[in-house]
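Welcome! Take a moment to turn the structure around on your screen, and then let us walk through some of its parts together.

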Amino acid sequence: MTAGGGGGEPGARYDAVVIGAGFSGMYMLHRLRGLGMSARVYEAGDGVGGTWYWNRYPGARCDVESVQYSYSFDEDLEQEWEWSERYPSQPEILRYAEHVADRFDLRRDIRFGTRVTRAAYDGSTRRWRVETDRGDRVECGFLIAAVGCLSAARVPGFPGADSFRGASYHTGRWPHEGVDLTGRRVAVIGTGSSGIQAIPVIAGQAAHVTVFQRTPNFSLPAWNRPLDPEEARWVKANYAALRQDMRTSPVGLLVAFNDRSVLEAGEEERAREFEARWAEGGFAFLGAYGDMSIDPEANEVAAEFVRGKIREIVRDPEVAERLSPRDHPIGSKRICVDTGYYSTYNRPNVTLVDVRRDPIKEITPTGVRTAGGHHSVDVIVYATGYDAMTGPLLAVDITGEGGRSLRDKWRAGPRAYLGLMTAGFPNLFTITGPGSPSVLSNMLVSIEQHVDWIADCLARLRAGGIATIDADPAAEDAWVAHVNEVASYTLYPRADSWYMGANIPGKPRVFMPYAGGVGAYRQKCDQVAADGYEGFVLSA
Ligand code: NAP
């Protein structure tokens with residue numbers, strides 16, 4: 001059976017099955033092959049790239065700089081690939097993912113258009129049985145979830161949504177052929193990173209854009225530009241050292257974090273520092289002062305600087321105020337990075353509706369009805385986010401030791417040791433799973449760290465004649481407590497964010513990623529491995 005072909009694979013056996021062919025699944029496959037292990041990757045999309053395969057909305061772009069948002073595992077790849085812009089656009093990142101798939105001949109082990117529906121651990125054979133929506137029934141020794149943190153798209157169930165006669169799209173499920181919005185009246189619901197990137201581009205095409213905003217977000221300017229060839233050359237000449245700095249940094253990025261306190265800085269110094277960081281663009285602003293992420297008063301100084309910028313940019317003071325976040329500390333929700341977002345509200349063809357004051361009542365055949373009136377539109381864009389981190393994994397019916405389901409185990413929130421394994425589910429690894437830095441970091445850095453750790457672990461298990469590895473429940477409890485404790489020192493729990501599961505009605509409110517920093521986390525994982533996988537239970 002060829003990868004991507006029709007029908008199922010009944011009875012095939014693999015050393016490992018990987019779920020997902022985004023950046024984590026692709027690199028995992030490469031490492032498994034290097035170990036001489038047989039592997040099958042199942043991918044729901046028809047191509048590689050994961051999030052970058054699906055997110056084709058207008059303006060989709062990574063908010064990590066291209067030279068940092070790339071694989072480091074192969075020096076030739078790193079040296080040969082040319083990025084064209086400071087921040088890579090979705091099409092360019094997808095081209096990069098496809099190039100990697102070609103270069104390492106990955107596709108032959110990937111079955112595309114195939115979604116894993118069920119995975120059950122069989123204690124008697126100590127193997128996983130995996131089923132897909134295309135009739136595959138295969139067995140494997142190790143199951144590796146490379147499902148991504150933001151892949152379960154979510155559209156809120158607005159009454160009447162099905163009656164809408166125009167077209168509607170979720171940003172994360174954008175049609176591959178694109179959508180011509182020229183002359184159309186467009187509603188955009190949601191102002192997170194996706195909405196904030198899409199709105200300026202849509203406003204440049206559409207006759208009119210009505211933005212339905214529930215919570216204003218803080219957004220920082222990207223100042224995107226073509227990548228200076230001199231700068232690219234310098235980066236390539238110094239890649240080894242730069243990558244090492246990223247791996248040991250707080251968030252996997254080359255951002256200078258300042259330890260000083262904003263409260264102790266004089267007003268002039270603050271203004272200088274904030275202006276310089278604003279001018280630098282992107283995440284640099286968040287590194288301005290050390291106390292911004294832990295002290296509400298310090299945070300408010302930074303937040304007010306950004307609100308001041310919004311007031312400077314947006315001409316209508318009432319609109320500027322509506323766009324100014326006041327209900328959460330800056331950085332406690334995922335910060336957005338934009339190109340011309342706030343100035344878009346100076347355009348005559350853009351209207352901002354505050355749905356906290358004027359809630360959406362229903363979608364009608366011709367538009368969106370709020371408490372205050374009806375907005376007639378031709379197209380609705382749902383920029384309404386994801387069931388983050390746990391959603392993609394729990395979408396698969398996973399049962400572990402004794403038939404216990406993961407959905408049941410994680411009912412009150414995810415529990416995992418180091419974000420790598422969850423007790424009672426032997427030989428199941430989660431790449432960038434809950435309890436690891438994942439979404440609080442440069443995903444490429446965290447993906448490579450997890451894949452390398454897992455691959456090294458598999459090699460050592462094989463060398464030691466070990467058949468199974470599982471998290472020890474006590475070590476898992478201690479790690480979950482540590483993840484919560486670290487979060488409690490920060491301002492993250494003060495926001496209703498998807499980090500907390502707060503965007504999904506009924507989802508447990510638990511801070512899911514690990515806020516202790518990429519460098520410290522890597523050290524911990526390496527130490528655990530060096531100590532013979534302390535906190536894991538190994539069985540011959
Ligand atoms: P998001 O941050 O969860 O934003 C969803 C938006 O939809 C929010 O404004 C939310 O309002 C709104 N919303 C949800 N349900 C609603 C309802 N019933 N009524 C009205 N509004 C509703 O999702 P996202 O923008 O897709 O971004 C998710 C994450 O993906 C980002 O945080 C980031 O990590 C990643 N991402 C990265 C990039 C990049 O690299 N540039 C781009 C896009 C996404 P509330 O805030 O009130 O819930």
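## Helix α13

Helix α13 is mostly covered, with 15 of its 21 residues buried. The model is a predicted one, and the length of this helix can be checked with simple arithmetic. At 1.5 Å a residue, the 21 residues of α13, running over residues 443-463, should span 30 Å. The C-alpha atoms at its ends are 30 Å apart, so the expected span and the model agree.

What comes after the helix? α13 is followed by Gly-465, which has a positive phi, near 65°.

## Helix α4 and its cover

The length check can be repeated on helix α4. This helix takes in residues 90-103, and its 14 residues should span 20 Å at 1.5 Å a residue. The C-alpha atoms at the two ends of α4 are 20 Å apart, which agrees.

Which residues of α4 are buried? They are Gln-90, Glu-92, Ile-93, Leu-94, Tyr-96, Ala-97, Val-100 and Ala-101. The cover over these buried residues of α4 includes α1 (23-34), α2 (51-54) and α3 (75-80). Just after α4 you will find Asp-105, with a positive phi of about 50°.

## Around the ligand

How many residues surround the ligand? There are 25, and the closest are Arg-61, Ser-194, Gln-197, Arg-214 and Thr-215. Sorted by class, this shell holds 9 nonpolar, 9 polar and 7 charged residues. Helix α5, made of residues 193-203, gives the most to the shell, with 3 residues.

Oxygen atoms of the ligand take part in several polar pairings. In one of them, a ligand oxygen is 2.4 Å from an N or O atom in the side chain of Thr-215. In another, a ligand oxygen is 3.0 Å from an N or O atom in the side chain of Asp-63. With Thr-191 the partner belongs to the backbone: a polar backbone atom of Thr-191 is 2.9 Å from an oxygen atom of the ligand. Taken alone, the ligand exposes 910 Å², and the protein buries 89% of that.

## Ile-19 in strand β1

Ile-19 lies in strand β1, which is formed by residues 10-19. Is Ile-19 buried or exposed? Its relative accessibility is 7%, so Ile-19 counts as buried, given that buried means under 20%.

Sequence and space tell two stories for this residue. Ile-19 and Tyr-42 are 23 residues apart in sequence, and their C-alpha atoms are 5.2 Å apart in space. Tyr-42 is also one of the contacts of Ile-19 when neighbours within four places in sequence are left aside. The others are Val-116, Leu-143, Ile-144, Ala-145, Ala-146 and Val-147.

## The loop between β16 and α11

Two residues are worth a visit in the loop between β16 (379-382) and α11 (391-394), and one of them is Met-389. Met-389 counts as buried because its relative accessibility is 4%. Its phi is near 65°, a positive value in a residue other than glycine. As background, most residues other than glycine have a negative phi.

Ala-388 is placed in this loop too. Its relative accessible area is 0%, so Ala-388 is buried. Which residues does Ala-388 touch, not counting those up to four places away in sequence? They are Cys-149, Leu-150, Trp-498, Lys-507 and Met-512. Ala-388 and Val-439 are 51 residues apart in sequence, with 9.6 Å between their C-alpha atoms.

## Two more loop residues

Arg-126 sits in the loop between β4 (116-122) and β5 (127-132). Although Arg-126 is not a glycine, its phi is positive, at about 60°. With a relative accessible area of 31%, Arg-126 is partly exposed.

Our last stop is Thr-490, found in the loop between α14 (473-488) and α15 (518-530). Thr-490 has a relative accessible area of 14% and is therefore buried. Its side chain reaches the backbone oxygen of Ala-487 at 2.6 Å. Leaving aside neighbours within four places in sequence, Thr-490 is in contact with Ser-293, Ile-294 and Ala-515.

Conventions. Residues are numbered from 1 along each chain as its sequence is written. This is a predicted model: local features need pLDDT of at least 70, side-chain atom pairs count only at pLDDT 80 or more; totals for chains, interfaces and linings use all residues. Side-chain values use heavy atoms; hydrogens and water are left out. Helices (H or I, at least four residues) and strands (E, at least two) are DSSP runs, numbered from the N terminus. The expected span of a helix is 1.5 Å times one less than its number of residues. Buried means under 20% relative accessible area, exposed over 50%, partly exposed in between (1.4 Å probe, protein chains only). Contact means heavy atoms within 4.5 Å. A residue is near a molecule or strand if one of its heavy atoms lies within 4 Å of it. A polar contact is a pair of N or O atoms within 3.5 Å; within protein, one must be able to donate a hydrogen and the other to accept it, and residues adjacent in sequence count only if both atoms are side-chain atoms. Accessible areas come from the Shrake-Rupley method with a 1.4 Å probe; for residues, only the protein chains shown count as cover. Ala, Val, Leu, Ile, Met, Phe, Trp, Tyr, Cys and Pro count as nonpolar, Asp, Glu, Lys and Arg as charged, and the others, Gly among them, as polar.
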